[in-house]
Amino acid sequence: MINIALPKGRLGDQVYRLFASIGYVCRELGDESRKLIFEDEKTGVRYFLVKPLDVGIYVEQGIADIGVAGKDMLLETQPDVYELLDLGLGQCELSVAAPNAYQEDRESVLRVATKYPNIARQYYQNRNREIDIIKLNGSIELAPILGLSDVIVDIVETGTTLRENNLKVYEHIAPSSALLIANISSYKFKQQAIQTMLNALLRILKP
Amino acid sequence: METLRKSEQVAYLLRSIYEQYGYRKFRMSKFEEYDFYAENKDFLTDGQVITFTDPSGKLMALKPDITMSVAKNTRATANIPEKVYYTESVYRMSRETREYKEIFQLGLEYIGEVSPYTNIEIIDLALKSLACIEPVFVLDISHMGFITGLFDSISATAGAKKEFLHCIERKNIHELNRLISQHKIEKKQGYRLLALAGISGSMDMALKEIREISVNQKMRSAVAELEQLYSVFKQSKNSNALRLDFSIISDSKYYNGLIFRGYVKSVPRTVLSGGRYGYLLSRMHKSDLQAIGFAIYFDEVERYLKLPIRNGYDTVILYDERSDLFALHCVIEEFVNAGKCVCAALTLPENSGSAKIYRMDRNKLLEQSRD
């Protein structure tokens, strides 16, 4: 049995379709239901649906052997896991965004609104920039518009939300996409099962 | 032995094995002067130490690490090695909760001249230790000399090399590929990095691969050391448990030769970690000495390898103020000697679900029904 942690939501659905296409089907999972654990004895898989930010924890703690998490989430939570494959899904860019007219004032402490406090801290630390972090849980774009912060650190997919709110990408931090991660110990003891899956994914992901 | 917890059983087993191989218990105080850690801060995994002031006003610390104290206090000389093991608590910041935690550690250190045989003995004891914890285990082996040799052969900035190392540690080949083209690394050098990240598996295959990518003396002598080591274990029943894996990049400030990490099937994290460390000794002005050792993380073992909890008692003996104390005492001794778990009580205790119940009526033991 191979235990897989998937992020709840659109990315999780995309990943499941990808896994199902290479044989890791779980009949129950297609159904509309509120269940969080899905098991298929025939194909030998058990899926858990968890919050995207928690996938790393489930895999690090060995509850799931493998999982799929955005690089942004991994940079934020820094779990001790193997990052085996870039699935190319959920591509986006971790960026610093600011109002269109924004000009940086190097003399004052920068106020940064974000749901990625660790990434923001690390990024500005490497630039020797003193910042105040304002941790938000959603609608980050609102913060600089209402004057809560000078800039935001967030993921940008198409840039539409930014444009509609008169914001622009000010600096690029890192690209992000969905990665297949594995628990370090599971990788040793279920290496064959994990490698089989990895090879099947590599075959269909090859352009 | 059966009534002990799993971790206690393992600890006893390991101690007797280490004693048989000539290692002696090293006992030490829980405290160390804080200055010692301030001077050697870069050898601590994270700089956080619990400090307090002793009655004479000296700043003291609760030990965050045992190896450093063993290295400081060693009486070994180049000719006469010191072989010790320890069972001690260390106090560290937990990475997850950011709070101090007491961690029980059991470890083994060899300080002196490290010969090829010493490597074999230490790896063998690491394998034996893992086998005591759980029958299905893996010991990943890597070599700092090989890694530094390979990085010497690559022309890139220190910052880029750090990024490469991080990818190798995470087995992140796609990111490594991206970085190689981003930093415009020459094709052959890039190939060596990718090969290093991809190696994971049986020693036979992996040794062949690393021999092929060796380009300098440092790498070649590391390969020779690994081959020599494997030639001994090849024949043994544990040969499958040994794997070459360069993702176990430990702190290069600390280790300078063979490094290894052990895993057992039911524990999702590293349970054993060790390697050869020389820099620590040269910092302590003992450059003529070398050392190799490992530690077992008992908190991880304890969390996952629980024996079924002994819920309750086999036998309950109810007594009252009229019971004959001498007879009661004798009866309890009899049950205990017969291997039973007995509870003498005035009223029926909790957890007595399946226990056989007796009543001490003056000096006579009577069986009693549950109601």
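In this predicted model, Arg170(B) touches a run of residues in the other chain: Pro79(A), Asp80(A), Val81(A), Tyr82(A) and Glu83(A), when residues up to four places away in sequence are left aside. Arg170(B) belongs to helix α6 of chain B. One of these neighbours is also reached through a polar contact, since a polar atom of the Arg170(B) side chain lies 2.8 Å from the backbone oxygen of Val81(A). Is Arg170(B) buried or exposed? Its relative accessibility is 10%, and because buried means under 20%, Arg170(B) counts as buried.

From this residue one may turn to the interface as a whole. In the contact between the two chains, 24 residues of chain B meet 22 residues of chain A. The size of an interface is often given as the accessible area lost when the parts come together. For chain B and chain A, the buried area is about 1,800 Å², and 46% of it lies on carbon and sulfur atoms.

Charged and polar pairs also connect the two chains. How many salt bridges are counted between chain B and chain A? The count is four. A salt bridge joins the side chains of Glu60(A) and Arg269(B), with a nitrogen-to-oxygen distance of 3.8 Å. In addition, 11 residue pairs are in polar contact across the interface of chain B and chain A, both residues of each pair having a pLDDT of 80 or more.

Several elements of chain B supply two or more residues to the side that touches chain A: β7 (137-143), α6 (158-170), α7 (173-182), β9 (242-245), β10 (255-264) and α12 (298-304). The largest share comes from β7(B), which gives three residues. By character, the residues on this side of chain B divide into eight nonpolar, four polar and 12 charged.

The next step is to look within chain B. Chain B is divided into domain 1 (1-120 + 272-310), domain 2 (137-258) and domain 3 (315-367). Domain 1 is therefore written as two stretches of the sequence, with the range of domain 2 falling between them. The C-alpha centres of domain 1 of chain B and domain 2 of chain B are 27 Å apart. Their contact takes 16 residues from domain 1 of chain B and 14 residues from domain 2 of chain B.

Between them, domain 1 of chain B and domain 2 of chain B bury about 1,300 Å², with 59% of this area on carbon and sulfur atoms. Which residues of domain 1 of chain B lose the most area to domain 2 of chain B? They are Ile120(B), Arg276(B) and Tyr279(B), which together account for 40% of what that side buries. The count of salt bridges between domain 1 of chain B and domain 2 of chain B is zero. Polar contacts, however, are found between these domains, in four residue pairs with both members at pLDDT 80 or more.

On the side of domain 1 of chain B that touches domain 2 of chain B, the elements giving two or more residues are α4 (116-133), β11 (272-277) and α11 (279-283) of chain B. Of these, β11(B) gives the most, with five residues. The residues on this side of domain 1 of chain B divide into eight nonpolar, five polar and three charged.

Some individual residues complete the tour. Ser221(B) has its place in helix α10 (residues 217-233) of chain B. The side chain of Ser221(B) reaches the backbone oxygen of Lys218(B) at 3.3 Å. With a relative accessible area of 39%, Ser221(B) is partly exposed. The C-alpha atom of Ser221(B) is separated by 79 Å from that of Glu321(B), a residue 100 positions away along the chain.

Backbone angles draw attention to two further residues. Ser139(A) has a positive phi of about 45° although it is not a glycine. Where does Ser139(A) lie? It is in the loop between β8 (131-135) and α5 (142-145) of chain A. Because exposed means over 50% relative accessible area, Ser139(A) counts as exposed at 53%. In chain B, His285(B) also has a positive phi, near 60°, in a residue other than glycine. His285(B) is found in the loop between α11 and β12 (290-297) of chain B. With a relative accessible area of 73%, His285(B) is exposed.

Terms used
Residues are numbered from 1 along each chain as its sequence is written. Chains are lettered from A and ligands numbered from 1 in the order in which they are written. This is a predicted model: local features need pLDDT of at least 70, side-chain atom pairs count only at pLDDT 80 or more; totals for chains, interfaces and linings use all residues. Side-chain values use heavy atoms; hydrogens and water are left out. Contact means heavy atoms within 4.5 Å. Buried area is the accessible area (1.4 Å probe) that two parts lose on being put together, summed over both. A polar contact is a pair of N or O atoms within 3.5 Å; within protein, one must be able to donate a hydrogen and the other to accept it, and residues adjacent in sequence count only if both atoms are side-chain atoms. Helices (H or I, at least four residues) and strands (E, at least two) are DSSP runs, numbered from the N terminus. Ala, Val, Leu, Ile, Met, Phe, Trp, Tyr, Cys and Pro count as nonpolar, Asp, Glu, Lys and Arg as charged, and the others, Gly among them, as polar. Buried means under 20% relative accessible area, exposed over 50%, partly exposed in between (1.4 Å probe, protein chains only).
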